[in-house]
Amino acid sequence: MIKRAILFGGKAIVSVLDTTDTVNEAIKIHGFSKPVATAMGKALTMTAFMSGNFKGMGNRLTVIIDGNGKGGKMVLCGDYGAKVRGYIENPKACDGEEANVSDIVGKDGALNIIKDFGLKEPYNGLSQLVNGNIDEDFAYYFTTSEQLPSAVALGVKMNGNVCQKAGGIIVQPMPNCSEEEIFVLSDIVSNFTNVGELLCKMSAQEIMDFYFAHFEISRLPDVNEKYECACSRERIEGMLVTLGKEEALSIIETQGNIEVGCEFCNKKYVFTKEDAQRLFDGD
């Protein structure tokens with residue numbers, strides 16, 4: 001669930017997210033180690049936040065975090081309505097070890113945000129990683145690439161390999177926000193040192209009410225984010241068509257069939273010689 005509200009008559013926007021179910025679905029699909037689940041939980045939360053703000057049905061988001069950490073590259077996608085998915089190169093990294101998020105993400109690399117609004121060219125934003133903790137990395141991205149200084153507090157509380165709570169609190173002052181109002185918001189944000197623990201005690205709605213409802217507040221519609229893959233057999237068939245009939249049949253002749261796996265949901269699609277002939281010949 002994503003709770004959102006406008007403060008001070010339009011001078012700031014606050015979002016409170018509880019992404020626990022989404023993170024647990026990702027863990028179920030990919031079998032993340034505990035440290036990877038924490039890092040991916042934070043990244044999925046930010047992907048949900050950004051795609052949850054889309055206005056158009058066809059809007060899409062791709063997030064690439066590559067900091068040369070032990071987990072390898074992280075790739076996440078978000079569609080309109082905060083439908084998110086993601087994978088990491090080494091899902092079992094640091095399994096059974098004490099490792100923090102920056103160990104998994106790394107600090108030597110960049111955060112790349114690609115937004116496709118259906119225009120001629122997608123928006124492409126790039127910023128250097130600050131410390132590989134994801135919170136500060138996204139805050140720095142918003143400030144430098146989108147000129148929108150933001151306070152980002154994320155948290156994932158694990159119980160073994162199960163996510164007990166995950167979510168985030170993002171506060172974004174608008175350009176017309178006064179220094180006094182920014183100071184007040186900064187003071188509130190300083191309380192969010194452990195969002196995972198906070199979500200164990202309070203719901204997203206309770207956090208919004210307790211910390212922000214005493215201001216001039218206008219609530220926005222909730223967004224029900226979820227882990228959802230966009231793959232389908234039809235999409236994979238479209239990829240096979242680009243190979244061409246001769247190449248596809250050659251692969252099948254060598255390997256017995258063509259098997260294509262989706263990195264986001266681990267679903268496997270198998271195409272036999274008969275499938276390929278139907279695809280190319282329309283029989």
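This is a short talk on the overall build of one protein chain and on one lysine in it, Lys42.

A caution before the numbers: this is a predicted model. Everything I say is computed from it.

I'll start with the whole chain. There are 10 helices and 13 strands in it. The radius of gyration comes to 21 Å, close to the 19 Å that the globule rule gives for 283 residues, so the chain is as compact as a globular protein of that length. If you box the C-alpha atoms along the principal axes, you get roughly 70 × 45 × 30 Å.

Next, packing. Of the 283 residues, 48% count as buried. Take the contacts between residues at least 6 apart in sequence: 64% of these join residues at least 24 apart.

Now the surface and the charges. About 13800 Å² is exposed, and carbon and sulfur atoms supply 48% of that area. The chain carries 28 positive and 39 negative charges, and the mean positions of the two sets lie 3 Å apart.

That brings me to Lys42, in helix H2, which covers residues 34–51. Is Lys42 buried or exposed? Its relative accessible area is 7%, and the cut-off for buried is under 20%, so Lys42 is buried.

What does the Lys42 side chain reach at 3.3 Å? The backbone oxygen of Asn133. Setting aside neighbours within four places in sequence, Lys42 is in contact with Asn133, Ile134 and Asp135, with Leu154, Gly155 and Val156, and with Val101.

To recap the lysine: Lys42 sits in H2, is buried at 7%, and has a side chain reaching the backbone oxygen of Asn133. That's what I have.

Conventions. Residues are numbered from 1 along each chain as its sequence is written. This is a predicted model: local features need pLDDT of at least 70, side-chain atom pairs count only at pLDDT 80 or more; totals for chains, interfaces and linings use all residues. Side-chain values use heavy atoms; hydrogens and water are left out. Helices (H or I, at least four residues) and strands (E, at least two) are DSSP runs, numbered from the N terminus. The radius of gyration is taken over C-alpha atoms; the globule rule is 2.2 Å times the number of residues to the power 0.38. Buried means under 20% relative accessible area, exposed over 50%, partly exposed in between (1.4 Å probe, protein chains only). Contact means heavy atoms within 4.5 Å. Accessible areas come from the Shrake-Rupley method with a 1.4 Å probe; for residues, only the protein chains shown count as cover. Lys and Arg count as positive and Asp and Glu as negative; His and the chain ends are not counted. The place of a charge is taken as NZ of Lys, CZ of Arg, CG of Asp or CD of Glu. A polar contact is a pair of N or O atoms within 3.5 Å; within protein, one must be able to donate a hydrogen and the other to accept it, and residues adjacent in sequence count only if both atoms are side-chain atoms.
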